[in-house]
Amino acid sequence: MPVVDVDPDELRALTGHADKDDDELRADCFALGLEFEGWTEDDEMQLEFAPDRLDRLSVEGVARSLRYQYGDDRGVYVPGTNDADWTFEVEDTPAERPYITGAIVRGLDLDDAALQSLIQVQEKLHATMGRDRAKGAIGIHDLTMLKGAAATDGAGEKSITYTSVDPDGERFVPLDSDAEMTPAEVLTDHPIGPTYADLVSDLDRYPAIYDDIGLFSFPPVINGRRTEVTTDSRDLLIEMTGTDQWTVDHMLNVVLYALSARGGTIERVDVSYAADTPGEYAGRTLSRPDFSTKTKTVTHDRVESIIGVDLDPETVIDCAERSGLDATQTDVGDDEIAYDVEIPPYRVDVLHPLDVIDDVGRAYGFNELEPVYPDVSTVGGRHDRSRLEDAARDALVGLGFEDLLNFHLISEGENYDRLDVTPGDEALGGGDPVTIREPYSEDYTQLRTWALPSLLMVLERNTHRAYPQDLAEIGLAAELEEAENTGVAEWRTVAGVLARTEASYEDAKARLQALASAFGKSLETPPTDHPTFIAGRAAAVVLDGESVGVLGEVHPRVLVEHDLEVPVAAFEFRLDGLV
């Protein structure tokens, strides 16, 4: 979950509540769903929040939500904008990254705190909505250091050009450097270059933004030093490039609302796409930012049934307005009350009427709700599988294992390649994967087919910790299976690793024998071969005559691949083998 560093003094100043002490601020933030994670070395609060509320990626966004919660602000707020004086001309861009948006913000007074907040919201948006800059990247520039060319289209008189550049073409001085570099040299010689090189290295020509002086931005990698923003900057040009217009437009809105809270005046820009630009905007001129609102309709009965209390329409409207929304009562027939709810442009998370109801419930106060049994004929209880899982977990902890809960999503390399397993193998973990069509990250492209890769990843990240490290997990695994109605077979798997200087097959078998005995199961371990384990030091796990897994000593190749310098013994088997 994203964590934002928030200066409590800044929060008090931006909310206008200087009387709030730190404990009160923490409690108020918790009511918004922001959990306090601790303090930084600079006495800033670390707040963890749900990644859907990207408008709270900065102290300005948190302060705005608090002002609504306090009742100081109400309803939808849309900042005013001045007419465009600048045009972004788009031509000859890489087809893989054709979109751009932006705005001008004037009249800012940036102190160190405001500048650090701006940098933080930029980086947090990169990491979340921008998908590590792969889908959207933000460039913020000191406007006074730019020289606009004469615009050929759009309402603005001055222009910059979003285009492409040969990798070894024009040179410029990137941020945090004193030397001129070509874009290709930035990718290899600049400290930040290798981090984002994979986003552009396969392109014939790289994205580039020019003014009348020359190249000043190399998105999505780095800006030029000439336009660096400092506390002396008063007017900013913001540009965002990416693979999707909607994404960069909404990332822009989050940044502009934060700067508006700092007293900035927003000025529109025209984005003029060339006729041969890839995508649906070819030949069109867009006016940005896009501060249009959207409307969701929700019925009164649905609000009451979801929240679980009786509410009058005035209370629903009040709660909506204290969530930064505007609600208007409307009739939908049959004497049923409904509300047309207007959503502000910075709220990218409101996709369904249930999202509106969640806002209403939070404004009403979830702590004000009294728990009641649902109006059904039965009362829920623990599933037998859940009881079995808890019993197995308790037994593993009793045997000295530390219980883990890892992500069920994993990459192909982690699931197969780094453990010498090939998709389609008959060996445990070699099943055909369930892949994600459009993964959020290259690190999470499929459901794991077994849990041992997840445990080895934890060991890899904990080489600085003392040994022994005995880790176990009970979790989901899945693979494609035509015989299943869904086409996917899912099961719960039990995995354990013992990492220590003298870890051996016997150690893993002893733990497994104790676990089997706790459930009244007979254990047999006939020899087997598995590419992850040392030949001759691996065996099948057979419980009551049924083969359900594998155990053994992890092969040195796998240990080296995970930077492990101690032996590792491991086992994995299906949880239902204990039934």
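So, the largest cavity: there's about 40 Å³ of space in there. Keep in mind that this is a predicted model. Who lines that cavity? We've got Ser58, Glu60, Ala114, Ser117, Leu118, Val121, Ala258, Leu259 and Arg262. Two elements, H4 and helix H7, residues 245-261, each give two or more residues to that lining. H4 has the largest share, four residues. By class, the lining of the largest cavity splits into five nonpolar, two polar and two charged.

Okay, how many cavities of 30 Å³ or more turn up in a search of the whole structure? Two. The second largest holds about 30 Å³ of space, and its lining is seven nonpolar residues, with no polar and no charged ones. Those are Leu512, Leu515, Ala516, Val541, Leu543, Phe573 and Leu578. Helix H14, 505-518, and strand S24, 533-543, each put in at least two residues, and H14 gives the most, with three.

Now the pocket side of things. The largest pocket comes in at about 980 Å³. It has 29 lining residues, and if you want to find its centre on screen, look for Arg131, Asp132, Ala134, Tyr440 and Ser441, which lie nearest to it. What's the mix of residue classes in that lining? It's 13 nonpolar, five polar and 11 charged.

And here's H4 again, residues 112-127: along with helix H6, 193-196, H4 supplies at least two residues of the largest pocket's lining. H4's contribution is four residues, the largest share for that pocket. So to recap H4: four residues to the lining of the largest pocket, and four to the lining of the largest cavity.

Note on methods:
Residues are numbered from 1 along each chain as its sequence is written. This is a predicted model: local features need pLDDT of at least 70, side-chain atom pairs count only at pLDDT 80 or more; totals for chains, interfaces and linings use all residues. Side-chain values use heavy atoms; hydrogens and water are left out. On a 1 Å grid over the protein atoms alone, a cavity is a set of points where a 1.4 Å probe fits but cannot get out, and a pocket is an open set with protein on both sides within 12 Å along at least five of seven lines; lining residues have an atom within 4 Å of a point. Grid points are joined across faces, edges and corners, and a volume is the space filled by probe spheres set on the points. Ala, Val, Leu, Ile, Met, Phe, Trp, Tyr, Cys and Pro count as nonpolar, Asp, Glu, Lys and Arg as charged, and the others, Gly among them, as polar.
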